[in-house]
Amino acid sequence: MIDKKAIEEHIRGILIALGDDPEREGLKDTPNRVARMYEEVFEGMNYTNHEIAEMFNRTFEDGVEQDDNSKVVVMKDIDLFSYCEHHMALMYDMKATVAYVPNGKVIGLSKIARVVDMVGKRLQLQEKIGQDIADIISEITGSEDVAVTIEGCHSCVSARGIKKNNTKTFTAELRGKFETDPSMQLYLK
């Protein structure tokens with residue numbers, strides 16, 4: 001579990017290390033505010049992929065036979081954000097697309113978005129976000145045919161270092177038929 005008290009103490013120390021006074025009016029409550037924010041934005045760190053799958057495992061029988069390629073579920077433009085594990089910098093303006101071929105059951109659409117949100121609430125790499133989402137959707141649906149694409153901006157690229165403001169990163173996690181059958185990739189565009 002996230003240790004809010006330890007976060008408060010460390011943020012206070014960072015403020016001092018930056019040469020500021022954590023007792024000045026504008027900063028008095030900053031350590032507590034940051035600790036509460038971290039508890040919220042890093043909530044996903046409290047759970048394994050399996051635990052997230054159990055949390056959002058609400059499926060419905062769909063009457064689709066296994067190996068029926070004529071049925072594909074695609075949810076596009078799911079907003080998310082995360083924090084890069086290298087700089088703890090915000091990854092923002094991110095959009096995820098999640099697709100799968102039903103294997104006799106479908107997951108509730110809101111659950112797909114909730115899985116995406118929870119996975120984003122970790123210190124992550126964009127590539128790992130896609131892998132984790134695919135693992136969880138596959139576990140919930142029983143489908144090996146899963147794809148996750150993500151496009152987003154990274155403040156570690158736009159606000160520091162190379163400072164390229166309009167740069168976006170695209171990643172794709174393609175599994176099963178999405179990897180082996182190029183026609184399945186058309187659903188991701």
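Is Glu8 buried or exposed? This tour of a predicted model starts with that residue and then moves along the chain, one selection at a time.

**Stop 1: Glu8**

Select Glu8, which belongs to helix H1, a helix that covers residues 4-17. Glu8 has a relative accessible area of 17%. Because the limit for a buried residue is under 20%, Glu8 counts as buried. Next, display the surroundings of Glu8, leaving out neighbours within four places in sequence. The residues in contact with Glu8 are then Pro31, Asn32 and Ala35.

**Stop 2: the whole chain**

Please zoom out to the full protein chain. Seven helices and seven strands make up its list of elements. Followed along the sequence, these elements give the pattern α-α-α-β-β-β-β-α-β-α-β-α-β-α. Along the principal axes, the C-alpha atoms of the protein chain fill a box of roughly 65 × 35 × 20 Å. Of the 189 residues in the protein chain, 41% are buried. Among contacts with a separation of 6 or more, 69% join residues that are 24 or more positions apart.

**Stop 3: helices H4 and H5**

Select residues 109-120 for helix H4 and residues 126-141 for helix H5. How do these two helices lie relative to each other, and which residues make the contact? Their axes are 10 Å apart, and the packing angle is about 140°. H4 and H5 are therefore oblique to each other, and their crossing is right-handed. On the H4 side, the contact is made by Ile112, Val115, Val116 and Val119. On the H5 side, it is made by Ile129, Asp132, Ile133, Ile136, Ile137 and Ile140. Sorted by class, the contact of H4 with H5 holds nine nonpolar residues, no polar residues and one charged residue.

**Stop 4: Ile136**

Remain in helix H5 and select Ile136. The relative accessible area of Ile136 is 0%, so this residue is buried. With residues up to four places away in sequence set aside, Ile136 touches Asn49, Ile52, Ala53, Val115 and Val119. Of these, Val115 and Val119 also appear on the H4 side of the contact between the two helices. For a view across the model, draw a line from the C-alpha atom of Ile136 to that of Gly161. These two atoms are separated by 34 Å, with the residues 25 apart along the chain.

**Stop 5: salt bridges**

How many salt bridges does the count come to? The count is 13, and several of them are visited here.

Begin with Arg24 and Asp20, whose side chains meet in a salt bridge with an N to O distance of 2.8 Å. Arg24 is partly exposed, at 39% relative accessibility. Asp20 is likewise partly exposed, at 32%.

Now select Lys95 and Asp79, whose side chains form a salt bridge with an N to O distance of 2.4 Å. This pair links distant parts of the chain, 16 residues apart: Lys95 is in strand E3 (residues 90-100) and Asp79 is in strand E2 (residues 73-84). Lys95 counts as partly exposed, with a relative accessibility of 36%.

Proceed to Arg175 and Asp135, a salt bridge in which the closest N and O atoms are 2.7 Å apart. Arg175 lies in the loop between strand E7 (169-174) and helix H7 (177-180), while Asp135 is in helix H5, so the pair ties together parts that are 40 residues apart in sequence. Asp135 is partly exposed, with a relative accessibility of 33%.

Finally, select Arg122, Lys128 and Asp132 together. A network of salt bridges links these three residues. Asp132 was also met at the third stop, as part of the contact between H4 and H5.

**Stop 6: Leu174**

The last selection is Leu174, in strand E7. What residues is Leu174 in contact with, once its neighbours within four places in sequence are left aside? They are Val146, Ala147, Glu179, Gln185 and Leu188. Leu174 is partly exposed, with a relative accessible area of 25%. To finish, draw a line between the C-alpha atoms of Leu174 and Glu25. Their separation is 51 Å, and the two residues are 149 apart along the chain.

Key
Residues numbered from 1 in each chain as written. Predicted model: local features only at pLDDT ≥ 70, side-chain atom pairs only at ≥ 80, totals over all residues. Heavy atoms only, no water. Helix = DSSP H or I, 4+ residues; strand = E, 2+ residues; numbered from the N terminus. Buried < 20%, exposed > 50% of the residue type's maximum accessible area, 1.4 Å probe, protein only. Contact = heavy atoms within 4.5 Å. Axes fitted to C-alpha atoms, helices over the stretch in contact; angles between N-to-C directions. Parallel < 35°, antiparallel > 145°, perpendicular 65-115°, else oblique. Left-handed = near helix turned anticlockwise from the far one by under 90°. Nonpolar A, V, L, I, M, F, W, Y, C, P; charged D, E, K, R; others polar. Salt bridge = Lys/Arg side-chain N within 4 Å of Asp/Glu carboxyl O.
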